[in-house]
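Hi,

Here is the structure I said I'd pass on. Have a look at it first, and then read my notes underneath.

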Amino acid sequence: MDYGKNVFVFDHPLIQHKLALIRDENTGAKEFRELVEEVAMLMAYEVTRNLPLEEVQIKTPIGPAKARMISGKKLGIIPILRAGLGMVNGMLKLIPAAKVGHIGLYRDPDTLTPVEYYCKLPADVNERELIILDPMLATGGSATMAVDFLKEKGVTSIKLMCLIAAPEGIAAVHKKHPDVEIYTAAVDEKLNSHGYIVPGLGDAGDRLFGTK
Ligand code: URA
């Protein structure tokens, strides 16, 4: 299925298997957290596939060798609070040098529009290539607002990584920010009248942190 330019759906069997367990209503908070972290780590592997490499000279115990290391802009990861936090450790396991910035947004339950309550970003954020983390791309309001903030700060390279996206969320983000690459493990059917993704996985924040 083609969801348009700049949308990448990861169909790796490990990602899909773990996503099925994540979606299952019988999966408890501990296992849910572990699985979200594991999927984020697997997705980090794919999201970083096109990072530029440069040749470096190193010395092995046997002798000199040419090797390749990541070059170009440094990376930053930006979880949208609070559910995005569940993906941070998985990303950091593969990209330990990435700086982490936080953007706190909540959805007004009546209007379903995002409201900012916290923002703390790395000082050199505009020099970094950023990956926004939010497991659920639902209406797209929070993600669009997060991209707005980051672009206002001079950031020019932004990717968005989620577990499940709704078609409405993809359309909303790309309407305003067609340059943002969206990486997701699944694109579900639709949103319901409360702004939840159908069939989705429920409330990602509640399931991560055991609140309800
Ligand atoms: N946020 C969630 O946690 N779940 C949804 O389905 C939509 C938004």
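Below is what I found, starting with the ligand and then moving on to the aromatic rings and the backbone.

One thing to keep in mind throughout: this is a predicted model.

**The ligand site**

The ligand takes up the space of the largest pocket. Around it you'll find Arg107, Met136, Ala138, Gly195, Tyr196, Ile197, Gly202, Asp203 and Ala204. By character, that shell splits into five nonpolar, two polar and two charged residues. If you're wondering why Gly195 and Gly202 don't go with the nonpolar ones, glycine is counted as polar here.

Which backbone atoms should you look at around the ligand's oxygen and nitrogen atoms? Start with Ile197, where a backbone N or O atom is 2.8 Å from a ligand oxygen. Gly202 also has a backbone N or O atom at 2.8 Å, but there the partner is a nitrogen atom of the ligand. Then there's Ala204, with a backbone N or O atom 2.7 Å from an oxygen of the ligand. As for how much of the ligand is covered, on its own it has 240 Å² of accessible area, and the protein covers 89% of that.

**Aromatic rings**

How many aromatic pairs does the structure hold? Two. The one I'd pull up is Phe8 with Tyr183, which is stacked, with 4.9 Å from centre to centre and 20° between the planes. That angle is under the 30 degrees used as the limit for calling a pair stacked. Phe8 belongs to strand β1 (residues 7-9) and Tyr183 to strand β12 (residues 181-184), so this pair ties together parts that lie 175 residues apart in sequence.

**Backbone oddities**

Where are the cis peptide bonds to check? One joins Leu81 and Arg82, with omega at about 0°. Arg82 sits in the loop between β4 (74-81) and α3 (88-94). Another cis bond runs from Val198 to Pro199, again with omega near 0°. You'll find Pro199 in the loop that connects β15 (197-198) with α6 (204-209). That puts you back in familiar territory: Ile197, at the start of β15, and Ala204, at the start of α6, both belong to the ligand shell.

Finally, take a look at Asn6, in the segment before β1. Asn6 isn't a glycine, yet its phi is positive, at about 70°. β1 is also the strand that holds Phe8 of the stacked pair, which makes it easy to view these together.

Cheers

Note on methods:
Residues are numbered from 1 along each chain as its sequence is written. This is a predicted model: local features need pLDDT of at least 70, side-chain atom pairs count only at pLDDT 80 or more; totals for chains, interfaces and linings use all residues. Side-chain values use heavy atoms; hydrogens and water are left out. A residue is near a molecule or strand if one of its heavy atoms lies within 4 Å of it. A polar contact is a pair of N or O atoms within 3.5 Å; within protein, one must be able to donate a hydrogen and the other to accept it, and residues adjacent in sequence count only if both atoms are side-chain atoms. Accessible areas come from the Shrake-Rupley method with a 1.4 Å probe; for residues, only the protein chains shown count as cover. On a 1 Å grid over the protein atoms alone, a cavity is a set of points where a 1.4 Å probe fits but cannot get out, and a pocket is an open set with protein on both sides within 12 Å along at least five of seven lines; lining residues have an atom within 4 Å of a point. A molecule sits in a cavity or pocket if more than half of its atoms lie within 2 Å of its grid points. Rings of Phe, Tyr and Trp (its six-membered ring) pair if their centres lie within 6.5 Å; planes under 30 degrees apart count as stacked, over 60 as edge-to-face and the rest as tilted. Helices (H or I, at least four residues) and strands (E, at least two) are DSSP runs, numbered from the N terminus.
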